[in-house]
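I opened this notebook to record how helices pack and where polar side chains sit. The entries follow the order in which I looked things up.

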Amino acid sequence: MLIKVVLLGDAAVGKTSLRRRWMGEGFTSQYITTIGADFSIKEIKIKINKKVITYKYQVWDLAGQVQFHAVRQCYYQGALGAIIMYDTTNIESVQSVPIWINELWRNNKLGVTPFILIANKIDLRNEVPQSLRTEQGKSYAMQLSERTLLHGFEIPFIETSAKTGENVDRAFQLLGEMIIKYEETVKS
Ligand code: G3D
Ligand code: MG
């Protein structure tokens with residue numbers, strides 16, 4: 001089974017860096033010129049009911065310069081899940097999170113789409129004193145979950161550094177598990 005996921009969040013929060021970090025050195029990606037999007041595929045093993053199943057994970061990422069409104073239909077088409085990401089050192093990027101949720105749910109023809117919330121660049125916390133703290137991110141995710149619980153899922157919150165690699169694998173794993181659970185329980 002192929003799992004398509006999309007990366008969302010304001011410019012420069014670290015989407016491309018996160019994807020590259022997760023894919024590792026020498027990963028291949030395909031650039032689709034007409035959409036201005038890149039995607040890369042990696043296998044992922046997910047344990048469900050004590051059985052380990054291998055899935056193909058297809059991670060979509062927009063190239064920086066595209067006019068998003070022109071391509072969003074293609075970008076979202078068939079996405080089973082998303083990563084919505086902010087930069088812990090940038091308050092404005094947090095304020096955009098609800099906009100990205102609306103954007104995802106409105107434009108994906110599959111409708112409500114599960115996602116995880118990622119706070120990236122945690123390696124910069126010591127340097128940037130006004131960075132959002134872990135508790136703030138957690139409570140924000142809980143607050144947003146009031147809306148998604150109606151649709152059968154809570155929003156997992158995870159803090160990453162695409163620079164050091166901290167929690168990057170965990171984030172993709174978590175999203176994969178969430179999608180499979182959602183597909184098997186809520187949708188069926
Ligand atoms: P985007 O794809 O969301 O637009 P990018 O973001 O992945 O292009 O990252 C934007 C900038 O943030 C890049 O810096 C990148 O190196 C940096 N960055 C991404 N993730 C992290 C992180 O976890 N920690 C730190 N310290 N920096 C990060 P440049 O300078 O290349 O523009
Ligand atoms: Mg990018």
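The entries below cover two helix pairs and two single residues.

**Entry 1. Helix H2 against helix H4**

I note at the outset that the model is predicted. I began with the convention that a pair of packed helices is described by the angle between the axes and the distance between them. I took helix H2, residues 68–76, and helix H4, residues 97–107, and found that their axes come within 9 Å and cross at roughly 60 degrees. H2 is therefore oblique to H4. I recorded the crossing of H2 past H4 as right-handed.

I then looked up which residues meet. From H2, I listed Phe68, Arg72, Gln73 and Tyr76; from H4, I listed Trp100, Glu103, Leu104 and Asn107. Sorted by class, the residues of this contact are four nonpolar, two polar and two charged.

**Entry 2. Asn107**

I followed one residue of that contact, Asn107, which lies in helix H4. Is Asn107 buried or exposed? Its relative accessibility is 11%, so I entered Asn107 as buried, the cut-off being under 20%.

I next asked what lies 2.8 Å from a polar atom of the Asn107 side chain. I found the backbone oxygen of Glu103 at that distance. With neighbours within four places in sequence set aside, I found Asn107 in contact with Arg72, Gln73 and Tyr76. I had already listed these three residues on the H2 side of the contact with H4.

**Entry 3. Helix H1 against helix H6**

I turned to helix H1, residues 15–23, and helix H6, residues 168–186. Their axes are 9 Å apart, and I noted a packing angle of about 95 degrees. H1 is therefore roughly perpendicular to H6.

On the H1 side I listed Leu18, Arg21 and Trp22, which meet Val168, Asp169 and Phe172 of H6. I counted four nonpolar and two charged residues in this contact, and no polar ones.

**Entry 4. Glu159**

I closed with Glu159, located in strand S7, which spans residues 157–159. The relative accessible area of Glu159 is 12%, so I classed Glu159 as buried.

Which side chain does the side chain of Glu159 join in a polar contact of 2.3 Å? I identified that partner as Arg125. Leaving out residues up to four places away in sequence, I recorded that Glu159 touches Ala119, Ile122, Arg125, Arg133, Thr134, Glu166 and Asn167. Arg125 thus appears in my notes both in the polar contact and in the list of residues touched by Glu159.

Notes: Residues numbered from 1 in each chain as written. Chains lettered and ligands numbered in written order. Predicted model: local features only at pLDDT ≥ 70, side-chain atom pairs only at ≥ 80, totals over all residues. Heavy atoms only, no water. Axes fitted to C-alpha atoms, helices over the stretch in contact; angles between N-to-C directions. Helix = DSSP H or I, 4+ residues; strand = E, 2+ residues; numbered from the N terminus. Parallel < 35°, antiparallel > 145°, perpendicular 65-115°, else oblique. Left-handed = near helix turned anticlockwise from the far one by under 90°. Contact = heavy atoms within 4.5 Å. Nonpolar A, V, L, I, M, F, W, Y, C, P; charged D, E, K, R; others polar. Buried < 20%, exposed > 50% of the residue type's maximum accessible area, 1.4 Å probe, protein only. Polar contact = N/O pair within 3.5 Å; in protein donor to acceptor, adjacent residues only side chain to side chain.
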